[in-house]
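Trainee: I would like to go through this model with you, one feature at a time. Ready for questions?

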Amino acid sequence: MSREKLFDKAAQHLQSLASELNPTELLKFYALYKQATVGPCNISKPNWYQVEARQKWEAWKNLNDMSQDVAMNKYVQELSKLDPNWEEDTKSESNSWVAVSRLINTEEEINDIDKTFLDWVKEGHEEKVQELLDKEPRLVNAMDTEGLLPIHWAADRGYVRIIEQLVKKGADVNCQDEDGQSPLHYAASCGHIDVVKYLLSVGAQPMKDNSGMTPKDIADEQLKHIFKY
């Protein structure tokens, strides 16, 4: 079996193990996957408050100039350490790395009774978000202490359905945080293809942030083709 096919098979099998892995292990596989499929990290460092995106960026960046072939081999080796018989056990599964990367959870557990609207948005709880929006539509503009709106958080986490809910309630797809970054910047920097496509379809503009960067500028190569400008 070729290196590429073995790697693809390993990446598919990892999906069945994802729920058993801790955040450190998930970050390691995420970084190796990106290095193997894209090459050395080629995107801008996320803002400090983009916790999940920043951790993933740092794990990938730390692989420096490791070649894609070496990254593929390393990925397979690491999987073999976790599951020596993985090749025998592998079943036909679709590869959905973004779903795996979302399992990385570094935030403190909060009791449901203490959760705010933004907490429900961050968790991707569509039913609770809709319930609260129906009761109080103004929550769509509930800004946190860092100047981020719910749509920024939903874009950062890749929750396209919640973004749809927010937009229906009047969320501005072109709102900017204190650094001039729009929801489209967030989605592009995190590699959330479905979110990028949706935001563009509802009028998200290719605006520049305070550093002069557009969403396309901070997207990886797999995403750049989606932007028509």
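**Fold and contacts**

Mentor: In the protein chain, 72% of the contacts with a separation of 6 or more join residues 24 or more positions apart. Keep in mind that this is a predicted model.

Trainee: How many helices and strands are in the protein chain?

Mentor: Read along the sequence, the pattern is α-α-α-α-α-α-α-α-α-α-α-α-α-α. The count of strands is zero, and the count of helices is 14.

Trainee: What percentage of the residues in the protein chain is buried?

Mentor: Buried means under 20% relative accessible area. The protein chain has 229 residues, and the buried share is 47%.

**Helix 2 and the loop after it**

Trainee: What length does helix 2 reach from its first C-alpha to its last?

Mentor: Helix 2 covers residues 23-37, which is 15 residues. At 1.5 Å a residue, the expected value is 21 Å. The model comes close to that, with a reach of 21 Å.

Trainee: Is helix 2 mostly covered or mostly open, and how many of its residues are buried?

Mentor: Helix 2 is mostly covered. Its buried residues include Leu26, Leu27, Phe29 and Leu32. Glu25, Lys34 and Gln35 are also among them. Of the 15 residues, the buried number is eleven.

Trainee: At the start of helix 2, which backbone nitrogen does a side-chain oxygen of Asn22 reach?

Mentor: The side-chain oxygen of Asn22 comes to within 3.0 Å of its partner. A polar contact needs N or O atoms within 3.5 Å. The partner is the backbone nitrogen of Thr24.

Trainee: Which residue just after helix 2 takes a positive phi?

Mentor: Look in the loop between helix 2 and helix 3. The phi there is about 110°. The residue is Gly39.

Trainee: Is Gly39 buried or exposed?

Mentor: Gly39 touches Lys34, Trp60 and Gln68, leaving out residues up to four places away in sequence. Its relative accessible area is 1%. The cut-off is under 20%, so Gly39 is buried.

Trainee: How far apart in space are Gly39 and Leu63, C-alpha to C-alpha?

Mentor: Along the sequence, Gly39 and Leu63 are 24 residues apart. In space, their C-alpha atoms are separated by 9.6 Å.

**A positive phi without glycine**

Trainee: What is the phi of Asn64?

Mentor: Most residues other than glycine have a negative phi. Asn64 is not a glycine, yet its phi is positive. Asn64 lies in the loop between helix 3 and helix 4. Its phi is about 50°.

Trainee: Is Asn64 buried or exposed?

Mentor: Its relative accessible area is 52%. Exposed means over 50%, so Asn64 is exposed.

**The cavity**

Trainee: How much space lies in the largest cavity?

Mentor: The count of cavities of 30 Å³ or more comes to one. The space in the largest cavity is about 50 Å³.

Trainee: Which element gives the largest share of the lining of the largest cavity?

Mentor: The lining residues are Tyr30, Ile43, Ala53, Lys56, Trp57, Ser189 and Cys190. Two elements give two or more residues each: helix 3 (51-61) and helix 11 (183-190). The largest share is three residues, and it comes from helix 3.

Trainee: By class, how many nonpolar residues are in the lining of the largest cavity?

Mentor: One lining residue is polar and one is charged. The nonpolar number is five.

**Helices 9 and 10**

Trainee: What is the relative accessibility of His152?

Mentor: His152 is found in helix 9. Leaving aside neighbours within four places in sequence, its contacts include Cys175, Asp177, Pro183 and Tyr186. His152 counts as buried, and its relative accessibility is 0%.

Trainee: Is Ile151 buried or exposed?

Mentor: Ile151 is also a helix 9 residue. Beyond four places in sequence, it touches residues including Ile163, Leu166, Val167 and Cys175. Its relative accessible area is 2%, so Ile151 is buried.

Trainee: Which helices are included in what covers the buried residues of helix 10?

Mentor: The buried residues of helix 10 are Val160, Ile162, Ile163, Gln165 and Leu166. Their cover includes helix 7, helix 8, helix 9 and helix 12.

Trainee: Which residue just after helix 10 takes a positive phi?

Mentor: The phi is about 105°. The residue is Gly170.

Notes:
Residues numbered from 1 in each chain as written. Predicted model: local features only at pLDDT ≥ 70, side-chain atom pairs only at ≥ 80, totals over all residues. Heavy atoms only, no water. 1 Å grid on protein atoms, 1.4 Å probe; cavity = no way out; pocket = protein on both sides within 12 Å on 5 of 7 lines; lining within 4 Å. Points joined across faces, edges and corners; volume = space filled by probe spheres on them. Helix = DSSP H or I, 4+ residues; strand = E, 2+ residues; numbered from the N terminus. Nonpolar A, V, L, I, M, F, W, Y, C, P; charged D, E, K, R; others polar. Expected span 1.5 Å × (residues − 1). Buried < 20%, exposed > 50% of the residue type's maximum accessible area, 1.4 Å probe, protein only. Polar contact = N/O pair within 3.5 Å; in protein donor to acceptor, adjacent residues only side chain to side chain. Contact = heavy atoms within 4.5 Å.
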